[in-house]
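Please look over the sequence and the model below before reading on. The paragraphs that follow lead through a few loops, then the nonpolar interior, and finally the ligand site.

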Amino acid sequence: MRDSDEWRAIDARNLYAMDSWSDGFFSVNRHGHVCVRPIQDSELEIDIMEVVAAARAEGTSLPALIRFQDVIRSRVQRLNQTFREAVEEAGYESGYRGIFPIKVNQLQEVVAEVLEAGRQFDIGLECGSRAELLAALPLVTDQTLLLCNGVKDRSMLHLMLEAQRMGQQVLPVIEKYTEFEHLLELADESGIRPVLGVRVKLSTRGSGRWYESGGASSKFGLTVPELVSLLESLERRGWPDALQLLHFHLGSQIADIQVLRSAVREITRIYADLVLRGIPVRYLDVGGGLGVNYGEGSSDPDAAINYGLREYANVVVYAVKEICEEKQVAAPMLLSESGRALTAHHSMLVVPVLGVHRPDSPATGEVPTTADTPSVVTRLAAVLEDVGRCDRTGMLLESYHDIRELREEGEQLARLGYLTVGDIAAADSLYWSACREILRRLVAQAPDPVPPEQVELEEQLTDLYLGNFSVFHSIIDHWAIGQVFPVMPLHRLDRRPQRRARIVDLTCDSDGKIGRYVSSHANPSWLPLHEYHAGEPYFLGIFLVGAYQEILGDAHNLLGRVDEVHVYAREGEEGNFWIDKRLKGITVKEILNQVQYFPNDLDRRMSDFVRRQINAGHVKASDGMRWLNRYTRHLDDTTYCDTFSMEPE
Ligand code: PLP
C-alpha cells in the first residue's frame, strides 16, 4: 500500500465498503472518525469517538457496547412505513402490522424502544419460551398482539388462555398437534373459549444459512393433514372462528426473495381454501427472515441477500393480493415477525487494540555470516541479496519458491539438532526479510491476475491485532456459522491504513479470531488497519451486532457481558447526543459465582494461605496483607483487560 497519494474520508468509506452495510446510518466525518446519523430523515450526526470519550469519562470501561436507541426507532419506522406504502400502492384492503420477536434482543430497553416507536403502527410482540412469555405479558396492552410461538407446555397454554380471558390479544401459535389437544382440554376445564394460530409446514424450503427452519422437515409446524384434522375438531365444536392466524417461518436471513414469494403464495392458497370452507382466518403471518446486509456480498456473493426492504414488502403484499383476488376471498391482515432487520444496526462494539504480533518480527535482514555459518543460512542470505536486484514477476516468484524450500530444509535440520538457536534465528530472520521484499516488489509490479504466491505471502505477512474482546461473547455467530460482521477503525480514517491485519481476541482459543472481513479489496481474510503504536489508543468498531449476538454469546474463558451505554441523539446537546444509561458489564465476582466459586470462600482460602505464609516467616506480614487486599479488589473488576492501564497517563 502506498502512502504518498492523497487519502480522504471517502476513501476510507470505500475501503471498508461502508455503503454495502451501513444502511445510511454510519459514515466517516472530516476528522476521520466514524459517525452515525441515527435519526431517519435527519442530518443530525454523532461522532462515535466523542461518545467513547464521554462514556469513558463517566467510568465505562472498554470493550463497550454502544446502543444508538434512535436507530431502533428509525428501523421500526422504515419497516412499517415501507409496508404501508406497498399496501397503499397495491390497494391492499387489509393492512399490515409488524410483530417484534423478542428472542432477537430481549433487553428491556430494546423491547421498550421497539414498542414505543411502533405504537403508531400497532406493532406487536412474539415470544418463544416461558421466560419470554412472562417478560412480554406485562408489556402488551389490550391493543397489542402477542404471538406465542415455540414449544408450549400445559402451564404456558393455561397462562395464555387466562390472558385471553383478561382481554389480552394473546395468540398461542400451535407448533405441535399435542399443543392443540392440550389447549382444548384446558379450554374445557376452564370454560374459556380459545383463539389460536397455527404454524404450517410448507413444502417451500428456506434459503440462506437457516434454510432448515422452513420446509417439510422443519422442526416446528403442523403438516397439512394435521391442519385439516385441527379444523375438523374446531368445526365439530362449532368454533370455526377460533383459528385466527396462519403462520410460516422460513428461517432467519432469507437470501433469495423468490423463495419467500413461493412460500407466501403457498400459504395464501391454504388461507383462501380455509376462508372458502368457512374459517374466517384474520391474520396471515409470514414470519421472520427479512435479511440484513452485512456487506458480505463484497466477500462472499453466496451469503448476500438479493433484495431490499421495499422489494420484500412488495413481494408479500402483491403475492397475497393476487391469490386472494384469484380465489375471490377477502384479504387477511398481514403480519411479519422481522427481528434482525429491526435491531441489527442499533448496536456496535468498541474494541481497543492491546497489541500487535508481527510474524516477521524481529526480521532485521542483516545476518553476519562466518565460515561456520550453516549452508542453509548462507543460501538464504544469497537469495535475499538476489531479490534486491529482481525486477520481473517470474524471478520474484522463483525466489519465493527457493526461500520456501530453504525454510523447510532449515526446519528439518533444526529438528535433527544440526542448527543452534542462533542459526535458527538467523534463518528465520532472513526468510521473513526475503518474504517482505518479494511481496513489496510484487505489489509494485501489480501482476494481473494476482499469482497465488502473492496471496500466500500476504496471508503470511499479516499482523495479528489483539483486540480486548471475546469473539465467543460478542459475535458468536462469526465463530458458530461464519457470519461476517463489518469491522473497521473508529478513528485515524483521514490517513491511509498501511498494515494488513487479522484481529484476534483475548481467549486462549485458536478460533478466537475474526477470519473474514468486509472491505473493498479482493482478499477477505485480512483487513487493512493503521500502524499500531504501543500506548496510543487505537479503537476498532464491530458493527451490526444488535440482533441475536448479545443473548447467544457465551462466557468462554469467563469473559462475560461488557459495559454498555445507551445513547440518544439530540440537537443542542454537546456532540448532538446524551447518554441515557450506563450498564456495568459482569464483574469477575459475578461470573465466578455462576460457576460455583463464591467470593467469601475464595477470600477465606486466600486469607488462610497468606496467614500460613506469614506465620511460617516466608513473607512479611505487610506484604502478605497488601497482596491479599489486591486479590480481593480485583474480584470487582471487569472480566476483560483494563484498557486504561495500558494507555499512557
Ligand atoms: N419468528 C420466528 C418463529 C423465528 O424463529 C425467528 C427467528 O429465527 C424470527 C421470527 C425472527 O427472524 P428474523 O430475526 O430473521 O427476522
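A convenient place to begin is Gly191, which sits in the loop that joins helix H8 (177-190) to strand E9 (196-199). The model is a predicted one, and in it Gly191 has a relative accessibility of 64%, so that it counts as exposed, the cut-off for that class being over 50%. Its C-alpha atom lies 9.9 Å from the C-alpha atom of Leu161, a residue 30 positions away in sequence.

A second loop residue, Asn306, belongs to the segment between strand E11 (283-285) and helix H11 (309-327). Is Asn306 buried, exposed or partly exposed? With a relative accessible area of 44%, Asn306 is partly exposed, because that value falls between the 20% and 50% limits of the class. Once its neighbours within four places in sequence are set aside, Asn306 is in contact with Ala255, Asp256, Ile257 and Glu311. The contact with Ile257 includes a polar pair, in which the side chain of Asn306 comes to 3.0 Å from the backbone nitrogen of Ile257. In the same part of the model, the C-alpha atoms of Asn306 and Ile254 are 9.0 Å apart, although 52 residues separate the two along the chain.

Some other loops deserve attention for their backbone geometry. The peptide bond that leads from Leu62 to Pro63 is cis, with omega near 5°, and Pro63 itself is placed in the loop between helix H3 (48-57) and strand E4 (64-68). Another cis peptide bond runs from Asp448 to Pro449, here with omega near 0°, and Pro449 lies in the loop that links helix H15 (421-445) with helix H16 (452-460).

Positive phi values in residues other than glycine are also found in loops. Asp23, with phi near 55°, is located between helix H2 (18-21) and strand E1 (26-28), and its relative accessibility of 30% makes Asp23 partly exposed. Leu558 has phi near 60° and is found in the loop between helix H19 (549-552) and strand E20 (563-569); Leu558, too, is partly exposed, with a relative accessible area of 30%.

From these loops the description turns to the interior. The largest nonpolar core contains 155 residues, and within it Ile48, Leu243 and Leu246 touch the most other members. Helix H10 (residues 257-276) supplies the largest share of this core, namely 10 residues. Around Ile48, with neighbours within four places in sequence left out, the contacts are with Phe26, Val34, Cys35, Val36, Ile66, Phe68, Met348, Leu490 and Phe543. There is also a second core, separate from the one just described, which has 26 residues, among them Val387, Tyr400, Ala426 and Ile438.

The last stop is the ligand. Which residues are closest to the ligand? Of the 16 residues that surround it, the closest are Ser252, Glu337, Gly339, Arg340 and Tyr548. By class, this shell is made up of 3 nonpolar, 8 polar and 5 charged residues. Several polar approaches can be followed atom by atom: a nitrogen atom of the ligand lies 2.6 Å from an N or O atom in the side chain of Glu337, an oxygen atom of the ligand is 3.0 Å from a backbone N or O atom of Gly289, and a polar backbone atom of Arg340 is 2.8 Å from an oxygen atom of the ligand. Taken alone, the ligand would expose 400 Å², of which the protein buries 90%.

Methods. Residues numbered from 1 in each chain as written. Predicted model: local features only at pLDDT ≥ 70, side-chain atom pairs only at ≥ 80, totals over all residues. Heavy atoms only, no water. Near = heavy atom within 4 Å. Polar contact = N/O pair within 3.5 Å; in protein donor to acceptor, adjacent residues only side chain to side chain. Areas by Shrake-Rupley, 256 points an atom, 1.4 Å probe, with all protein chains shown as cover. Nonpolar A, V, L, I, M, F, W, Y, C, P; charged D, E, K, R; others polar. Core = buried A, V, L, I, M, F, W, Y, C linked by side-chain atoms within 4.5 Å. Buried < 20%, exposed > 50% of the residue type's maximum accessible area, 1.4 Å probe, protein only. Helix = DSSP H or I, 4+ residues; strand = E, 2+ residues; numbered from the N terminus. Contact = heavy atoms within 4.5 Å.
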